[in-house]
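Got your viewer open? Let's take a short walk through the model, one selection at a time.

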Amino acid sequence: MRWVNHNVRRGNAIILGAIPIVLLILLYLFVAANRHAINPADKILPLPSQMVEAMSMLVLQPDRLSGQYLFWADTLASLSRLGIGLGISTLSALLVGLVLGILPPVRAVFGPLVTGIAVIPPIALLPILFIAFGLGETAKVALIVIGIAPFMIRDIAAHIGALPREQIIKAQTLGASSWQVMIRVALPQAMPRLIQALRLSLGPAWVFLISAEAIAADIGLGYRIFLVRRYLAMDVILPYVAWIALLAVVIDFLLTKSSHSMFPWAHRSNR
Amino acid sequence: MSTLSLRNVWVEYGEKIVLEGVSLDIEDRSFVSIIGPSGAGKSSLLRVILGQEVPSRGTILLDGEALPPECGPDRGVVFQRYSVFSHLSVLGNTMFGLECAQAPFAARLFGTKRQAARERAEEMLVAVGLGDSMHLYPSEMSGGMQQRLAIAQALIKRPRILLLDEPFGALDPGIRSDMHALVTKLWQDYALTVIMVTHDIKEAFSLGTRVLTLDKRRHDPHAPHRYGATTVYDLELTRNARADATRDDTEDMSAGFPTT
């Protein structure tokens, strides 16, 4: 049987998918144990017990200086920045993308501008944002928005622009005005695509968040990682990275689920 | 009385001439089939009548008034594909036209108005044979059912003219003959004026009361794009509406040929 025809059953898929992850963890443990056998004070590849010890300080005990539980405060700060950034991006992608996609005159006027903004590397704008908005929350959220909103806008506009012409014509023969075509034909069909675009933007959004926090912040997951880097504190960095990965996977999973439950029509195979 | 009049209509794309000098009068309640070779401008003619395209020369009158240069609810259309909304259920697709007319801003109806629209839509769906499928989405339906839905969606607006652009081209032969019977029945029941573009000559003659053939009258082998197509045959068929209702389209088609 050809490999392209080998479909894996669901139960087996979970087991197969777990194999490389487990192997990687085993490899890490093996190498870390080896290093510790040679040098018990090794900081580069900490053992799980050291990670638990270091993290329990951050997770379970309040910081002596600020009185906060640092791990949770970091998570909350980062997630709220990410949430606001993603929210603004999604909303503007929906509004601008919809109008750009469905109204040719608007596309003619603003299309080149959006494309122009989209090709600027967002990190290059970070100094401008810090100068304009200061070092507070606004600049960090603005970096996320500038980083992902243009991509999402273009994606939604292209998706709307690619709707079959027949549908737009048909809607007009049924008496629909531009506004009605927009909210009844284009908007609902943009929604599943919007969630798709949001999922694809999650990765870049995390990149911009961590970058902004690394450069100027006093709290946040990215801030903590870059802070403890000075002490080679891999026992904190590795659990933080794993936590970020877990958060990202959970958000992605929730988005996929919500798309399936809210827009079932978009996930059926078309004949 | 003549419903639709085309006066010397030309369609040109830059250098390329697609239609030249098309003049037509289409009577109320007629069923006009348009046939012709590929690239003869059948679909262009339909798009011009629909208002999707503006002719480069000439005028089109509907009930004596010039057509506005865009689509409107007076001309319904069924395309070969993509004429239903994949994000709406069968019922939602059918109610769309009513909702647009009655709720300019929200484009949705609520309460008793919604109930009334729903009843009209259900009635329409029963008429096209989709009475049992009202809550399905288009992706769950066969091609034939989608075309039935597209017809119901168009007819609920009671258009002056129904335009069909190769509506049965993508369907199986068996389904196609069912659709022929349905369209004939609806044409009579709703007193429709239908213009249908088709590739299928048999279909054109068995359904139509009039068959128009588009083709180029002249041909320049060095510049084939410089002459456009026009109506080269215009056949009035003596189609007895009553007899046709029961006739199967697989019957001998000589019954449909012109007597003139």
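Start where the chains meet: select the 21 residues of chain A that are in contact with 26 residues of chain B, where contact means C-beta atoms, placed from the backbone, within 7 Å. On the chain A side, α7 (165–173) and α8 (178–215) each supply at least two of the touching residues. Helices here are DSSP runs of H or I with at least four residues, strands are E runs of at least two, and both are numbered from the N terminus. Colour that side of chain A by type and you get eight nonpolar, eight polar and five charged residues; Ala, Val, Leu, Ile, Met, Phe, Trp, Tyr, Cys and Pro count as nonpolar, Asp, Glu, Lys and Arg as charged, and the others, Gly among them, as polar.

A word on ground rules: this is a predicted model, in which local features need pLDDT of at least 70, side-chain atom pairs count only at pLDDT 80 or more, and totals for chains, interfaces and linings use all residues. Residues are numbered from 1 along each chain as its sequence is written, while chains are lettered from A and ligands numbered from 1 in the order in which they are written.

Now zoom out to chain A. It has ten helices and zero strands. Its radius of gyration (over C-alpha atoms) is 23 Å, well over the 18 Å that the globule rule (2.2 Å times the number of residues to the power 0.38) gives for 271 residues, so the chain is more spread out than a compact globule. The C-alpha atoms fill a box of roughly 80 × 60 × 30 Å along the principal axes.

Next, select α5 of chain A, residues 122–133. Which of its residues are buried? They are A:Pro122, A:Leu126 and A:Leu129, buried meaning 20 or more other C-beta atoms within 10 Å of a residue's own, exposed 12 or fewer, and partly exposed in between, with C-beta atoms placed from the backbone. Look down the axis: the buried residues fall within an arc of 80° (by directions from the axis to the C-beta atoms), so they line one face. Their cover includes α6 (137–161) and α8 of chain A. Flip to the face turned away and you'll find exposed A:Ala124, A:Pro127, A:Ile128 and A:Ile131. Just after α5, A:Gly134 has a positive phi, near 80°.

Last stop: α1 of chain B, residues 42–50. Nine of the nine residues are buried, so this helix is largely enclosed by the rest of the structure. Among them are B:Lys42 and B:Arg47. B:Gly51 follows, with a positive phi near 95°.

Notes: Two residues are in contact if their C-beta atoms, placed from the backbone, lie within 7 Å.
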